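This report describes one protein chain for a reader who has not met it before. The sequence and the model are shown first, and the description follows.

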Amino acid sequence: MSVYVSAELRRRIRAHFHDHCAYCLTPEALTVVIFEFEHILPRSLGGATSFENLCLSCPTCNRHKSDRTFGAGDEQTRMTALFHPHRDAWNDHFSWSEDATELIGLTPSGKATIDTLRMNRPQLIRVRRLWVAMGEHPPDLQ
Ligand SMILES: [Zn+2]
């Protein structure tokens with residue numbers, strides 16, 4: 001269900017995430033979809049519509065995340081907290097494969113987030129290949 005997010009809050013969130021998906025780092029400008037304001041802690045679990053609890057998300061990451069805050073880890077880690085776009089540093093949890101088309105999870109949280117949000121879906125890997133050839137990927141947001 002969509003919720004009202006003020007224009008000022010949307011502007012702040014877009015600026016904070018540089019108009020990229022906070023999870024897979026897809027740049028909105030290279031897609032044909034409008035990115036969404038995702039509640040990191042879902043509203044159904046009491047998450048507020050606030051700067052600290054909203055991130056910019058591509059629609060696909062948002063759909064797969066849904067109201068989840070945990071993902072299935074491996075046998076050792078079991079349920080693992082998903083990457084938190086405000087509290088966690090992206091580079092601590094993820095890196096790019098050598099050809100920059102696949103995300104690699106550096107931590108249990110990064111791995112669980114990649115799996116849960118399907119951040120290496122085949123269509124995305126294919127389009128990342130095109131972006132690499134265009135010199136548009138990987139993004140340099142640091
Ligand atoms: Zn995404």
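A residue is called buried if 20 or more other C-beta atoms lie within 10 Å of its own, exposed if 12 or fewer, and partly exposed in between. The model is predicted, and the terms above are applied to it throughout.

**Burial in the loops**

Leucine 25 has 21 C-beta neighbours inside 10 Å, so this residue counts as buried. Leucine 25 belongs to the loop between α1 and β1. Histidine 18 is found in the loop between α1 (7-16) and β1 (36-39). Histidine 18 has 14 other C-beta atoms within 10 Å and is therefore partly exposed. Serine 50 sits in the loop between β1 and β2. Because 12 other C-beta atoms lie within 10 Å of serine 50, that residue is exposed. From serine 50 to leucine 30 the separation is 20 residues in sequence and 27 Å in space, C-alpha to C-alpha.

**The chain as a whole**

The chain has five helices and six strands. Read from the N terminus, the order of the elements is α-β-β-α-β-β-α-β-β-α-α. A compact globule of 142 residues would have a radius of gyration near 14 Å, and the 15 Å of the chain agrees with this. Along the principal axes, the C-alpha atoms fill a box of roughly 40 × 40 × 25 Å. Of the 142 residues, 30% are buried. Among contacts with a separation of 6 or more, 59% join residues 24 or more positions apart.

**The core and leucine 56**

The largest nonpolar core has 22 residues, and those touching the most other members are Cys21, Tyr23, Cys24, Cys55, Leu56, Cys61 and Met119. Two elements, β2 (54-57) and α4 (108-117), give two or more residues to this core. Leucine 56 also has contacts beyond its neighbours within four places in sequence: Ile13, Arg14, Phe17, His20, Cys21, Ala22, Phe35 and Phe37.

**Helices α4 and α5**

How many of the ten residues of α4 are buried? Eight are, which leaves the helix mostly covered. The buried residues of α4 are Ser109, Gly110, Lys111, Ala112, Thr113, Ile114, Thr116 and Leu117. These buried residues pack against α2 (59-65), β3 (70-72), β4 (79-81), α3 (90-93), β5 (94-96) and β6 (103-105).

Helix α5 (residues 122-134) has 13 residues, which at 1.5 Å a residue should span 18 Å. The end C-alpha atoms of α5 are 19 Å apart, in agreement with that figure.

**Backbone angles**

Several residues have a positive phi, and the table lists them with their places.

| Residue | Phi | Place |
|---|---|---|
| Histidine 18 | near 55° | loop between α1 and β1 |
| Leucine 25 | near 65° | loop between α1 and β1 |
| Arginine 118 | about 50° | just after α4 |
| Glycine 135 | near 75° | follows α5 |

Histidine 18 and leucine 25 are residues other than glycine. The backbone also has a cis peptide bond, from histidine 137 to proline 138, with omega near 0°. Proline 138 lies in the segment after α5.

Definitions and conventions: Residues are numbered from 1 along each chain as its sequence is written. This is a predicted model: local features need pLDDT of at least 70, side-chain atom pairs count only at pLDDT 80 or more; totals for chains, interfaces and linings use all residues. A nonpolar core is a set of buried Ala, Val, Leu, Ile, Met, Phe, Trp, Tyr and Cys residues joined through C-beta atoms within 7 Å. Helices (H or I, at least four residues) and strands (E, at least two) are DSSP runs, numbered from the N terminus. Two residues are in contact if their C-beta atoms, placed from the backbone, lie within 7 Å. The radius of gyration is taken over C-alpha atoms; the globule rule is 2.2 Å times the number of residues to the power 0.38. The expected span of a helix is 1.5 Å times one less than its number of residues.
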